[in-house]
Structure formats: structure tokens, C-alpha cells
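The following questions and answers concern the architecture of a multi-chain assembly. Please consult the sequence and the structure shown here.

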Amino acid sequence: MELYQKTAGELSALLASKEISAVELAQDVLARTDAVEARVQGYVTVTKDAALAQAKAVDNQRAAGEPLPPLAGVPVAVKDNICTKGILTTCASKMLYNFVPPYNATVADKLAANGLVITGKANMDEFAMGSSCENSAMHPTHNPHGLDHVPGGSSGGSAAVVAAGEAPISLGSDTGGSIRQPASFCGVVGLKPTYGAVSRFGLVAFASSLDQIGPFGRSVEDVALLSDVIIGQDKMDSTSCAAPFGSLHAGLNPDVKGLKIGLPKEYFGAGISEEVRAGVLAAAETYRALGAEVFEISLPLVEYALPIYYILSSAEASSNLARFDGVKYGFRAQGIEDITELYVQSRSQGFGSEVQRRIMLGTYVLSSGYYDAYYKKARAAQRRIKAEFNGAFQKCDVILTPVAPTTAYKIGEKSTDPLEMYAGDVCTVSVNIAGLPAMVQPCGFDAHKMPIGMQLIGPRFGEQRLLNAGLAFEQASGLKNIIAAL
Amino acid sequence: MAISRKEIEHIAVLARLDSTGGIFDRLAEDMQGIIGMVDKLQQLDLGDITDQIDTERKNALREDVAKPESNPEELIKPNAPDFQAGGVAVPRVVE
Amino acid sequence: MKYEAVIGLEVHAELSTESKIFCSCSAKFGAGINTHTCPVCTGMPGSLPVLNRQVVHYAAKMGLATGCTVNRLCKSDRKNYFYPDLPKAYQISQFDVPICENGEVYFYVDGEKKCCRLERIHFEEDAGKLLHDEIDGTVVDFNRCGVPLIEMVTRPDLHSSAEAKEFLETIKTTLSYLDICDCKMEEGSIRCDVNVSIRPEGSTELGTRVEMKNINTFSGAVRAIDFEVARQIDVVEHGGTIQQETRRWDDVKLKNTVMRTKEDAQDYRYFPDPDLIAVEIDDAWMDKIRSEIPELPVARYERYRNEFGMTAMEARQLSDSFAKAELLDAAARSGKVKPKAAANWILSDISKYLNDKAVELEDTKLTADKLIDLIVLIDKGTISGAAGKKVLPAMFETDETVEAIVGRMGLKQVSDEGAILKIVQDVLADNQKAIDDYKAGKNVTGFLVGQCMKASKGQGNPQMINKLLAQELVKLG
């Protein structure tokens with residue numbers, strides 16, 4: 001078995017026992033990247049030299065006998081909307097084609113402090129708006145399990161490089177499903193943490209009240225390990241808060257006897273493909289066999305989740321993306337003598353059409369005369385959704401649902417109709433609206449050998465419960481560390 | 001709520017997006033459908049639930065301590081499309 | 001027809017915090033271009049604001065000082081618009097739930113007490129500065145971005161430029177009493193927008209209002225209001241109607257011009273800032289803020305008039321300066337000196353010294369105890385009033401006691417009766433001509449007192465010299 005095929009947990013042990021060096025590991029992962037990246041195109045930037053230098057530094061520290069954190073020397077890919085000091089951070093947009101942040105995101109600082117080796121910046125839908133990675137201004141990313149398929153989005157690059165063995169773990173961000181849906185499409189594990197658990201400082205904002213950074217890995221253990229690195233309150237992010245738990249990795253326990261698992265009937269209805277429904281229901285049966293109590297619940301407000309999500313996220317985006325005006329950084333339209341024209345041309349030329357659609361919608365729902373009917377009402381409805389989940393968690397410990405209506409579709413198949421694309425977010429957006437944690441992991445394959453994912457949703461700060469339930473299924477199903485053949 | 005072409009153009013002005021270019025026609029058309037989708041929210045009866053200040057968490061405040069001066073040549077200049085006289089430069093703004 | 005002006009003000013005051021409202025860059029004025037900047041206040045991608053506790057503290061303090069209700073729970077909102085001095089393309093401000101609401105500010109105009117209600121006070125960030133003289137185009141200095149402001153919005157309760165000026169002066173004095181703003185007008189620490197409408201005298205309806213921007217001084221506000229009221233009357237008298245619009249005041253050309261009409265009113269798309277969470281001021285915090293508020297200028301003014309019997313001008317001059325008022329009150333509280341005596345020193349010689357040297361009282365070494373000692377020494381006759389004036393500069397400039405200064409300068413008055421008598425007798429013995437003149441019925445007292453003072457090297461107690469001289473002359477018959 002090559003090093004790139006191993007999980008972060010396995011690599012951590014090999015590094016700690018000095019059976020391998022971080023440089024050897026980085027070289028192997030970079031070699032794999034060299035071999036497959038032309039087909040996958042999961043990265044915007046591969047930081048080969050910096051990665052080798054970081055790996056060397058970790059090896060030196062280890063040789064000097066310094067105590068090192070568990071993931072020291074393990075390679076990690078970082079989504080290209082997370083600021084990395086001195087490393088191009090483009091958000092896969094022409095608008096930031098040349099932007100090199102003079103600061104690190106808090107999570108990037110944490111990666112560095114834990115000795116992780118950044119392999120590169122992962123491709124994404126522009127400014128995290130999209131579900132297929134086709135909205136990247138750089139290039140589309142291909143699903144390693146079927147290169148003519150999308151990897152999902154917006155964190156499609158982060159999911160694809162992990163599935164392709166170009167990095168054992170990665171960071172993505174999730175505003176409406178942007179970690180979970182690509183995890184599902186690429187057959188990897190992805191966790192969207194509780195809102196506030198991970199600092200957003202340095203994450204280029206899409207929708208501040210919904211955005212959350214989270215980990216990808218090829219095993220539940222790896223996701224727990226990387227979660228331990230990034231979770232924590234940050235005084236630079238007013239919305240971050242202290243998680244009421246210690247190491248999630250130390251707390252892993254695959255016992256699900258007596259665990260109450262709710263299956264919300266609305267998530268299994270029309271619009272969900274037969275293969276996806278069957279895959280997730282089979283997982284439910286596995287849980288039953290493991291001693292969990294599985295029963296049907298109802299979350300009727302999911303019907304309104306898409307409008308609420310698209311109103312809130314677009315409203316915030318219209319304001320968050322206003323700073324991209326051609327004045328201070330990034331793209332500026334040339335040959336313009338008037339400041340307003342400079343704004344208009346820089347923004348119209350710098351933003352892709354999906355970003356412009358969201359900005360238009362967001363501006364509309366906040367504008368005079370429409371605010372109450374859209375934005376204000378959506379905020380009020382958000383309270384209802386939170387209350388509905390709170391009620392559900394009175395009855396069950398975790399909620400099990402599909403991640404997306406279908407498995408990964410073909411590149412170009414849905415990219416012409418925004419509404420069809422938005423409909424694919426139906427199973428994931430409620431979690432962001434309610435600020436809850438949710439984890440996705442593979443639960444099978446469809447007839448075309450494309451992965452099927454399942455989603456476990458927990459109450460606020462229920463991360464340990466999700467990881468434990470996920471670990472139980474992973475062990476029972478053997479669906480772990482799936483690397484695309486390529 | 002149906003939205004007129006004139007309204008969409010007004011929204012584009014607010015958002016500083018070009019409403020004359022070729023892709024705007026397509027954008028305006030998409031907007032109709034998207035607004036139709038979000039209009040589903042109007043069917044939801046919220047009773048007496050209203051928007052209010054979120055109080056789950058309060059008072060993330062910092063102490064009033066200032067840090068030393070910074071160097072704009074390092075912080076601003078490297079990413080600025082046009083940097084002159086110590087700051088970003090723009091076409092002349094008439095106040 | 002007679003018209004009444006109806007005026008409302010929006011006053012912005014920069015708070016004198018160390019750091020900016022949402023980042024730890026210095027909030028001080030006058031640094032090199034863009035040296036007080038960081039990713040947060042220059043709106044770099046991914047940066048996030050964190051609210052400065054002191055801003056909340058200061059804003060609530062101003063609210064309490066102006067009789068506002070302080071909202072125990074408030075939030076921050078975004079005001080969205082594009083301008084090169086606004087790097088995020090939104091200003092973080094407060095919209096529907098400001099930190100303070102419904103206040104009342106009292107002030108005197110020509111001896112008459114007036115009240116102007118405050119609708120609200122909210123905190124917000126300042127914008128940057130556009131520089132037009134550096135290059136062909138415009139250069140943006142972000143130093144001022146994120147400097148904390150409070151905006152105070154009045155009800156339309158003011159009816160003349162004189163009232164507006166007195167209101168503004170009271171706001172300024174109050175800010176300075178609370179020590180939350182350095183009130184340096186030339187640095188733009190206090191700025192205001194003015195809303196003006198007119199109505200027929202006796203009417204209670206509000207006319208169409210015109211907003212005026214770009215007013216940088218209080219005297220500028222007076223000129224701008226006078227111009228606009230006259231302009232509106234002229235429009236109405238000529239059969240026109242007032243348009244709701246924003247006009248820009250030009251304090252050089254002394255006129256205003258249209259900036260924006262109602263039609264191109266901005267749509268700021270306010271919404272709660274999702275990067276910030278609610279602010280709550282609990283009882284303990286509130287008590288702390290309340291405990292820091294001193295007796296305010298108008299209350300002191302009234303007390304000086306009523307209890308100390310001062311003239312309106314004296315009371316105003318003393319209460320306008322927190323440091324002077326504190327000095328006076330400390331002296332008066334001691335019970336050792338008459339308030340009026342302390343007030344006289346402060347209004348005359350102390351103020352003159354401060355003016356001449358262009359220093360602030362609080363930056364000198366003068367203390368209330370020193371002032372009390374000085375007055376007591378004069379009252380006791382230890383030194384003369386004239387000597388007191390000579391002592392004063394050293395009281396500002398050194399840590400010496402007043403006694404020590406008096407001793408060092410040899411200003412102690414001779415009040416020993418025997419010693420003075422000796423001087424008087426010696427002077428009389430040396431001035432036979434004066435005695436002859438005296439006997440001939442001429443008034444020679446002034447001359448002889450002068451000679452006695454000279455003989456005592458200026459240290460003789462003048463009252464005693466007068467008394468003993470009169471006594472000796474009588475003896476001469």
C-alpha cells in the first residue's frame with residue numbers, strides 16, 4: 001500500500017513511530033497529485049515547494065525530540081476561500097485571481113501550529129456559490145469516481161482531492177451543504193460543525209450567519225482528528241463559541257445500542273432518487289441491526305427550507321461581496337475614468353453569472369419595500385426551523401437523511417438551469433439555517449459505481465454523537481478509505 | 001411577486017452590476033424564476049413568530065487596546081490594483 | 001407672513017478611544033497615510049469585526065448624560081452603499097435598535113432655558129478620507145475607517161440658529177465633561193448635518209424638510225441655518241414649494257447647492273450584521289457607567305447662579321470647562337475660602353495664564369489645594385493680593401507649596417505692628433516737608449503710604465500702614 005492510500009490516522013502512527021518521514025509522505029502524496037491532477041483538477045494551486053519545506057521542518061522538530069501533535073507532518077488540502085498568508089487565495093473567481101492574503105485564517109494558523117503540511121488550495125464553485133464545482137472561474141473539477149461527473153460543490157476540490165488520494169484530509173466550507181454534498185458525491189466523510197464551533201476569521205465570507213469551515217477525510221477517525229485541530233473559540237470571530245467537549249478523537253466510541261435515530265419522512269419523498277432512498281434506508285437497517293432504535297419522525301418545514309436559505313444566504317452575500325469593487329485588491333476593469341463605472345465594470349467582469357444572480361437576489365430581498373416580505377420573514381421562519389429541530393431532538397438523538405436527491409451527475413447536465421441546481425440543496429440547507437452539526441459518509445454505490453452518501457444530523461454541539469454513530473456504521477459496512485482507482 | 005425589467009435594472013444599479021451587457025438578459029430571466037421559487041415562503045403562516053434580536057450569545061467584546069502602526073507598503077500595496085502616494089488610487093472622485 | 005424655522009440636528013462625535021471600533025488599530029488622529037490600518041478596517045476578504053467594549057461604554061454614558069433610555073440589549077446593522085472611503089462597501093452602524101433612545105438636552109439661550117429632545121444615540125464606524133491633491137486622481141487614506149463615532153439625532157425642536165448653536169455647545173461641553181471625545185473641531189471630532197423646514201408662525205404642522213451636509217463648525221451651522229431658512233422663506237414667498245432634498249453647504253461661498261433630490265434617495269438596505277452578536281449591558285455595567293458621570297454643565301451653571309450668586313457670564317464660563325468647574329467646586333467644598341473669591345481667581349488670572357500659555361488646566365500643576373492656600377494667605381494678610389498674582393505662575397509650573405513659593409520670592413507681608421510703626425515713624429522723620437503740608441491742610445496720605453511701602457520693600461501690610469500712619473499724623477496734631 002502506498003502512503004497516499006493511507007488514512008491520516010494510520011499516517012499519524014507511522015510518523016510518530018518514525019517509520020516514515022513527513023518529507024517521504026509529502027513526496028508520495030505530491031507524486032500521486034502529479035499522476036492524477038491533470039484528470040481530477042481538484043486544485044487551484046499546488047504548493048509543492050512550501051509543502052516540502054513544511055514537511056522538512058516537522059521532521060526536524062521530531063528529530064529534535066519535540067513533542068508533536070497527532071497530525072504533525074500529515075498533508076492537508078485547503079479550500080481556496082480560506083486565507084493563507086503568502087499563498088494565492090482566489091475563491092475560484094476572476095475577481096481575486098491575483099489575491100495573496102497578508103494574513104492567515106485562524107484555521108490556517110491552527111493547521112500550522114499542529115504541523116500539518118498544506119498541499120495546496122482546492123478548487124470550488126466561485127465564492128462557494130454552487131453545487132457542482134462548475135462555477136469555478138479556473139476550471140471544473142472532475143469526480144475521481146467518474147471523471148465525466150461533477151464532484152459536487154461548492155467544496156468539490158476539497159472532496160475530490162481526498163477521494164483521489166491527492167491529500168488524506170482537507171478543509172472545506174459549508175453554507176448550505178458545500179461540504180456534505182461533495183463528500184456524498186465523492187464517497188468521502190465530511191463534517192459540517194455546529195455554527196460557531198470553528199472560527200470563520202479568514203474564511204472569505206459568503207453568508208456569515210451560515211458559513212462554517214469543516215473537515216474532509218476518508219474515515220470517521222480522520223474527520224475527528226482534523227476536527228480536533230480546527231474547533232475552538234476565537235476572539236477574532238465574534239460568532240465563534242466554546243465547544244462543550246474536549247477531544248472528539250479521544251471520545252470515539254462505536255456503540256450505538258439504544259441510540260435513537262429519527263428518519264424524517266419528508267426527506268425521503270418525491271424528488272429523491274430510488275437508489276439514494278434505498279441506500280440510506282439500508283443504512284438505517286444496519287443501525288437497527290447494531291441495536292439502535294430507528295423510527296420515523298416529521299420535519300414538515302423542510303418544504304420552506306430552500307426559499308429561506310436562498311433569501312438569507314443571498315442577502316448576506318450581496319453585502320459581503322460588495323467589498324469586491326475593484327478599488328483595493330483583486331480585479332479592476334481597465335481604462336475607466338469614473339468611479340461608478342469602475343465599480344460596475346470591475347464587478348460585472350470580475351464575477352461569474354451565478355455570483356451575479358445571488359447578488360441580484362440578495363440586493364432585491366433587502367431593498368426598500370421588499371425587506372419585510374422576504375428577508376425579515378425568512379429570519380422569522382428561521383426561528384421556526386430551529387424550533388422544529390429542537391422538538392425533533394426531544395424524540396431522537398440523531399437524524400438520518402439522504403444528502404442530495406441523486407448521486408453525482410454528469411458535468412454540464414444541470415449547469416444551465418439555476419433552479420434545478422438549487423433544488424439539489426433541499427436535504428442540506430436546513431442544517432445551516434438551524435446552525436446544527438451534520439456529517440456525511442458513504443453508504444453504498446449506485447448502478448454506475450458512483451458513491452451514495454448518508455447524512456447524520458445532530459443537536460447543537462452533538463459532534464461526538466455524529467462521529468460515534470458514523471464510526472459504528474463505517475465499521476459495520478466496511479465503507480472506509482475509499483480511493484478512486486483512476 | 002413578479003418583477004419588472006425596470007425593477008431588475010434598478011436592483012442592478014444598487015448592486016453596481018452592469019445591466020446593459022449581453023449576460024444581463026439571461027440574468028433578468030433567471031431572476032424571474034428564482035423570485036418565483038423564494039415566493040413560496042409567502043405561503044408559510046408564521047403566526048406570532050417575528051424576527052428579533054438573536055440572544056443565544058451576547059457580548060463578544062474586545063478591550064480597548066491599540067496595536068502599533070502598520071506599514072501600508074506591506075499590507076495594502078501588494079494587492080492594490082493602483083497604489084500611489086501611500087494609498088490605493090481611484091479615478092478622481094468629485095465630492 | 002411670519003415664519004418659524006423648525007430645525008433638527010444629526011451630530012457625529014468621534015469617541016476618544018485608544019483603538020478603533022472593530023479592530024485594534026489606533027484611533028488617534030494625524031498618523032501617516034494608511035499606517036493605522038489592518039485587514040479588518042481595510043475590508044480585506046475574510047476579516048471580521050470585534051466590537052470595542054469602550055465604545056459601548058462611552059455611548060451609554062452619553063445616553064445617560066442626556067436623559068436617554070439605554071437599551072440593555074442592542075445590535076449592530078449594516079448600512080450598504082458604495083464609496084471609495086468605505087472599504088467594505090457597508091458601514092457598521094445601528095438601525096432599528098440603537099443603544100440609546102428618547103433623551104432630553106437642556107440649554108440656555110439669552111437666559112431662557114430650552115429643551116431639545118434626542119430621538120436616539122447610536123454607535124457606528126467612521127469612513128476613510130479621500131485625498132485629491134496628491135495625484136491626478138483620488139487617493140484613499142483608510143486611517144479614519146473604523147474610528148468610533150456616536151451619532152446623536154434630535155427631534156425637530158430647535159427654532160433658530162442661536163438655539164442650534166447653544167444646543168451644539170451643550171453637547172460639546174457634555175462630551176468633554178464625560179471625557180469621551182476630544183472635541184477638536186479642526187480635526188473633525190464633532191460634525192453635524194442639519195435638517196431645516198419652515199412653517200407659518202403658530203402652525204404645528206411640519207413643513208418639507210431639507211437636509212444640509214458638510215457643516216464642520218458650529219458657526220458654520222449658524223450660517224448654514226440662517227441661509228437655508230432665508231432661502232426657504234424666499235421660495236415660499238415667491239409662490240414656490242420646498243423640495244425634499246439634500247443640499248451641500250459651502251462655508252466659503254456661504255450658500256448651499258443641491259446634492260441629491262428625493263428621487264435619487266439612497267436605498268441603504270439595512271440588515272443585522274451577521275458577523276456581530278447582540279450587546280447586553282447588565283446592571284453592574286450600568287451602575288459602573290452611571291458612577292462615572294459627574295455633575296453636568298447645565299446643572300453646575302444653575303448652581304453657580306443660584307448658590308454662588310454668579311452672573312450668567314461667570315457661571316457660563318466656569319461651567320463650560322470641566323476642569324475649571326471642578327477646581328471651583330473643590331475650593332468651595334473646602335469651606336476655607338469664599339466660592340466667589342475662588343471664582344474670581346479662576347476667571348481672571350488663572351484663565352489669563354491658560355490663554356497666554358495656550359495650555360489646558362488639567363495639564364498644569366495647579367491644584368485646588370494650592371488655590372485654596374493662596375486665597376487663605378491673602379485673606380489672612382500673609383501676602384498681598386498683588387503678591388498673589390506674582391505667586392501664580394510658579395503654582396502652575398512647579399510642585400512647590402504656595403508657602404514655599406512665597407518664601408522663596410520674599411513676598412511675605414510684614415504685619416508686625418511694632419515693625420510697621422517703626423517704618424512709619426522713620427518715614428515721618430525723613431519727610432518734614434510732607435508734615436508741613438499736612439499741617440497746612442493738604443492730603444499727603446497717598447505720598448506717605450507710598451514712602452512706607454518703599455521703605456518696607458513692598459512687604460508692609462498696606463492696611464496696617466494706613467492705620468498707623470493716620471494715627472501718627474493725628475498725634476502730630
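Domain bounds are those of an automatic or database domain assignment. This is a predicted model, in which local features need pLDDT of at least 70 and side-chain atom pairs count only at pLDDT 80 or more, while totals for chains, interfaces and linings use all residues. Residues are numbered from 1 along each chain as its sequence is written, and chains are lettered from A and ligands numbered from 1 in the order in which they are written.

Q: How far apart do the C-alpha centres of domain 1 and domain 3 of chain C lie?
A: The assignment for chain C gives domain 1 (3-286), domain 2 (294-409) and domain 3 (417-476). Between the C-alpha centres of domain 1 and domain 3 of chain C, the separation is 69 Å.

Q: Which strands are at the edges of the open sheet of 11 strands in chain A?
A: Helices (H or I, at least four residues) and strands (E, at least two) are DSSP runs numbered from the N terminus, and two strands pair if DSSP finds at least two bridges between them. The sheet has mixed pairing and the order 1-3-2-4-6-5-10-11-9-7-8. Pairing on one side only marks the edge strands of chain A, strand 1 (43-46) and strand 8 (293-297).

Q: What angle does helix 15 of chain A make with strand 10 of chain A?
A: Axes are lines fitted to C-alpha atoms, for helices over the stretch in contact, and angles run from 0 to 180 degrees between N-to-C directions. Contact requires C-beta atoms, placed from the backbone, within 7 Å. Helix 15 (residues 463-477) of chain A lies across strand 5, strand 9 (398-402), strand 10 (438-445) and strand 11 (451-457) of chain A, and its angle to strand 10 is about 15°.

Q: Is A:Ser173 buried or exposed?
A: A:Ser173 belongs to strand 4 (residues 169-174) of chain A. Beyond four places in sequence, its contacts include A:Lys79, A:Asp211 and A:Ile213. A residue is buried if 20 or more other C-beta atoms lie within 10 Å of its own, exposed if 12 or fewer, and partly exposed in between, with C-beta atoms placed from the backbone. Because 27 other C-beta atoms lie within 10 Å, A:Ser173 is buried.

Q: Which helix of chain A supplies the largest share of the side that touches chain C?
A: The contact joins 32 residues of chain A to 23 residues of chain C. Helix 9 (302-320), helix 10 (339-350) and helix 11 (353-366) of chain A each supply at least two residues of that side of chain A. The largest share, 3 residues, comes from helix 9.

Q: How many nonpolar residues are on the side of chain B that touches chain A?
A: Here 37 residues from chain B meet 51 residues from chain A. Helix 2 of chain B gives the largest share of the chain B side, 8 residues. Ala, Val, Leu, Ile, Met, Phe, Trp, Tyr, Cys and Pro count as nonpolar, Asp, Glu, Lys and Arg as charged, and the others, Gly among them, as polar. By class, the side of chain B that touches chain A has 5 polar, 8 charged and 24 nonpolar residues.

Q: Where does the largest nonpolar core lie with respect to domain 1 and domain 2 of chain C?
A: A nonpolar core is a set of buried Ala, Val, Leu, Ile, Met, Phe, Trp, Tyr and Cys residues joined through C-beta atoms within 7 Å. The largest has 298 residues, and A:Val76, A:Ile311 and C:Ala59 are among those with the most contacts inside it. Helix 9 of chain A gives the most to this core, with 11 residues. Domain 1 (3-286) and domain 2 (294-409) of chain C both give residues to the core, so it lies between them.

Q: Why is strand 11 of chain C described as largely enclosed by the rest of the structure?
A: Strand 11 of chain C pairs antiparallel with strand 1 (residues 3-14) over 5 bridges, and with strand 8 (residues 112-125) over 7 bridges. C:Val11 stands opposite C:Met152, while C:His122 has the bridge partner C:Glu151. Strand 11 (residues 148-154) is largely enclosed because its buried residues number 6 of the 7.

Q: Which strands stand at the edges of the open sheet of 9 strands in chain C?
A: The order is 3-7-8-11-1-12-13-14-15, with mixed pairing. Each edge strand has a single partner strand, so one side is left without a neighbour in the sheet; these are strand 3 (69-70) and strand 15 (255-261) of chain C.

Note on methods: Contact = placed C-beta atoms within 7 Å.
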